[in-house]
Structures are given as C-alpha cells and as structure tokens.
Amino acid sequence: MKNQLFRAALVAAAWCLCTTGFAQSVLVHVQGDEGQREAYYADFAVVLTRTPPDKLLGPTSVRQLDTVIVYESADKPEFSSLRLQFECVVKYAYDGKKIPPQPAFDAPVKVRVGEGSWKLRREDLKSEPLPTGEWRTSASAVLLKLHKIACHEDVMRGAMIKAAKANNDAAVFRNEIKKIGLPEDLQLVGQRSAPEYLDFSWWVLWQGAKRPDPSGKWTSRPTKKELEQAQVQMAQIQKQYDTLVAEVKPQLEANIKRMDAKFEFQRAAAEVRKGRAMSRNERLMLTAWEGKTDSEVAATMGAPLVSDVGKLRFLSYGREFDNRVVVGNRQGAVWEQGLYENCNVQFVMHTDEKNTPRVADVRIWTDSNQLGQVMFACTGLLEAPK
C-alpha cells in the first residue's frame, strides 16, 4: 500500500499534469452532505460504441462511458467503477433525408450498467464485480451530465483542444461545453484511473475529513525508510513526466494543427453544399469520400471529365444502360420496348489550406424511362475509395 506522502505527491503531480493540456477526464458532479459525499468522474478520451448490429442504421446509438464514483460514507465502497451505457440520438440522417432532432437538455435519459463494472470494497480493499443492469429511464442531474458527455464526446474533445490552443484557458473549455447543455462547473482533471480519482477526492476535495478505515491500511504511519523511498520514487516520476511532456507536446501540437485543418475543410465543404437536400446515396458517398484528393478519386473511379469554375473543380463520371428496341406487328403498329437509364456522379473539389483539391460534395443524377430506382447504370460508379 502506498504511504500517505507518496499518495499526496502522486495527486499533486496528476493535478499539475492537467494544466499542460493532456487532461481527458472531468470531475462531473459532487453531491451529498459532509460524511455522505459522492464524487463522480468520467473519462471521455475513449467513448465506445455498443450499438446492437440490428440497430446500426437506426435513429439511436448506444455509447459507453467509463465513470467512477468515489464515496465518503463508511457504509459504501471506496469507489465504484462503472461502464455506463447511454442511448443517444444520432447526429446524421439515418434515412438519408432528415437528421433526427436532439432531445432537450433536461429530457430524461436511458441508461444501464454495462459489463465489466466493479467496486472496491471498503472493509478489505478487494475488488468485486458488479452485475449488468437493465435499461432504465432517469432525469437525475448527474446522469443528465454523463449522458451529454457520452453522446457528445466529439464536442468534449473539441473543447479540450480549443482550450489547449488558448494556453490551457479553462474558460474556453467551459464556453464550448455549454453548447451541449453542460454546466460551467465541470472541471478538467489530470487523473485517468479509479485509484487516482480516489486519492484526488480525499486529498483535494475532502481534505481534512475523517476517512473511514476498517481495513487499517489508510492510517498506518510510514517508516523513515518508506518516506525516503517515496521521495526517490517521486523524483523519478517527475523526471518521467518531464520527459513525457517534452516528447508528447510536439506531437500534440501537430495533431491539433491537423485537426484544425480538417475542421476548417469540413466547414468549407459544408459551405459548398449550403445545406442542400441530399439523397441517401449522395450522403453515403460523401461519408466515404469527403476530404479525398483528385488522385484518390481517379485511382478508384478512373479518369474523369474535369471542369473548373471559380474555386471549385468538378470531376464527372457517367454511364448509361440502353437495351431499347423498336418492334412492330403485322397491322403496322410500332412501339419501343426495353430499358433506358443513365447515372451521373460528380465529385465537387474544394482546395484545402495547402491548395490541394479535396472532395467537398458528391452529386448524383439518374434518369430512366421506367418508374422506380435505376438498376444498372450506376453499377461501378457508387464505389468506396480504395
């Protein structure tokens, strides 16, 4: 068991780490009177999709958020490590036509406890698995917050990056998360694991409070030798942190620049489309092709018909199917039989910050002498990138 000095130093080091822009956890909620307090933490770095296969194209998805609850009360565990699964409304047009409306900020949420959840018993500091829960609906304040983090982890990551670019300005982070209904008191922390959250709660949030210790392992006094070992270990940890920051910071800055460039191109691409109604095939093709270069288009689709208009370049492909014939009878009547249809696919290219043309829109036109969907002409044109 770590001694008190070592634990305190670890907490301080982890707390300092969040100010360098690497924090991807948040202190979500604190509730309860003194002696009965609970602290809720969430790690939004990895939010997993748990949508059943038969609902992947539906209007909702299931997102899993790792959440830790630290308890002050002697009647409860040291902490619970929960894999909470939330039902989220998707942010794309699942039918290719209409984007489902997002629920109100205070709308009740559907949640359950997923597999792999566990708790740390207070009496002996041993882990115990927790059973998977059934789906339930709740409007509790903490679950409303956790639901927003799980369903909008893209907004959370974007807020973190913008704050890092602004010299780790926490106000920038708070302003961004307000867009999804999260309160400004949501606090970024550097801790990422349940033991770190546990130490942070007792050494920072509840500093000075009497800690229940039925196991006797929290109040044991360290020896002089243990103190010296802890100091040596902390010096080593600090050196490792310094090395980590020196190695990761350039990579992080480069990643931020790449993401900025991607977001800027997506903004420009959205301006090219100007909110036009898109068919299901157009939306699927755009999902696969957005941001690809003209060379990547040609590698899959072949040589296009190219035209330039202003800042836009158009790569056009077309195909038609025609087996029409003219037939007649002995009475001299003639008529046309057979099928005619054509399919045209156009990739609209817009230049990025390096003046490289990339796919900003995909437009598809079809025509047929028969009612219904074109069956043959689009074969080979609605392809995914190689």
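In the predicted model, helix α3 supplies the largest share of the lining of the largest pocket, contributing 9 residues. This pocket has a volume of about 1300 Å³, and of the 39 residues that line the pocket, Lys-91, Tyr-92, Asp-154, Arg-157 and Gln-266 are the closest to its centre. Besides α3 (153–165), the elements that give two or more residues to this lining are the strands β3 (60–71) and β4 (79–89) together with the helices α6 (224–273) and α7 (280–289). When the lining of the largest pocket is divided by class, 16 residues are charged, 14 are nonpolar and 9 are polar.

The second largest pocket encloses about 360 Å³ of space and is lined by 13 residues, among which Arg-258, Ala-261, Lys-262, Asp-352 and Arg-358 lie nearest its centre. Here α6 gives the most to the lining, with 6 residues, and the same helix is also among the elements that give two or more residues to the lining of the largest pocket. The lining of the second largest pocket comprises 8 charged, 3 polar and 2 nonpolar residues.

Two disulfides are found in a search of the whole structure. In one of them, Cys-88 is joined to Cys-151, with the sulfur atoms 1.9 Å apart; the torsion about the S-S bond is -75°, and the link is left-handed. Because Cys-88 belongs to strand β4 and Cys-151 to helix α2 (residues 141–151), this pair ties together parts that are 63 residues apart in sequence. Both Cys-88 and Cys-151 are buried. The other disulfide links Cys-343 to Cys-378 at an S to S distance of 2.0 Å, and since the torsion about its S-S bond is about 95°, this disulfide is right-handed. Cys-343 is located in strand β14 (residues 340–351), whereas Cys-378 falls in the segment after β15 (357–368), so that parts 35 residues apart in sequence are tied together by the pair. Cys-343 and Cys-378 are likewise both buried. With the bonded cysteines of the protein chain numbered in sequence order, the pairing reads 1-2, 3-4.

Two further buried residues were examined individually. Glu-72 is placed in the loop between β3 and β4, and its relative accessibility of 4% is the reason why Glu-72 counts as buried, the cut-off being under 20% relative accessible area. The side chain of Glu-72 makes a polar contact with the side chain of Arg-37 at 2.8 Å, and the Glu-72 side chain also reaches the backbone nitrogen of Gln-36 at 3.5 Å. When neighbours within four places in sequence are left aside, the residues in contact with Glu-72 are Asp-33, Glu-34, Gly-35, Gln-36, Arg-37, Arg-122, Trp-202, Trp-206, Ala-209 and Pro-212.

Leu-120 is found in strand β6, which spans residues 118–120, and is buried with a relative accessible area of 12%. Not counting residues up to four places away in sequence, Leu-120 touches Pro-77, Glu-78 and Phe-79 as well as Leu-125, Lys-126 and Ser-127. Between Leu-120 and Ser-279, which are 159 residues apart in sequence, the C-alpha to C-alpha distance in space is 52 Å.

Notes. Residues are numbered from 1 along each chain as its sequence is written. This is a predicted model: local features need pLDDT of at least 70, side-chain atom pairs count only at pLDDT 80 or more; totals for chains, interfaces and linings use all residues. Side-chain values use heavy atoms; hydrogens and water are left out. On a 1 Å grid over the protein atoms alone, a cavity is a set of points where a 1.4 Å probe fits but cannot get out, and a pocket is an open set with protein on both sides within 12 Å along at least five of seven lines; lining residues have an atom within 4 Å of a point. Grid points are joined across faces, edges and corners, and a volume is the space filled by probe spheres set on the points. Helices (H or I, at least four residues) and strands (E, at least two) are DSSP runs, numbered from the N terminus. Ala, Val, Leu, Ile, Met, Phe, Trp, Tyr, Cys and Pro count as nonpolar, Asp, Glu, Lys and Arg as charged, and the others, Gly among them, as polar. Buried means under 20% relative accessible area, exposed over 50%, partly exposed in between (1.4 Å probe, protein chains only). A polar contact is a pair of N or O atoms within 3.5 Å; within protein, one must be able to donate a hydrogen and the other to accept it, and residues adjacent in sequence count only if both atoms are side-chain atoms. Contact means heavy atoms within 4.5 Å. A disulfide is a pair of cysteine sulfur atoms within 2.5 Å.
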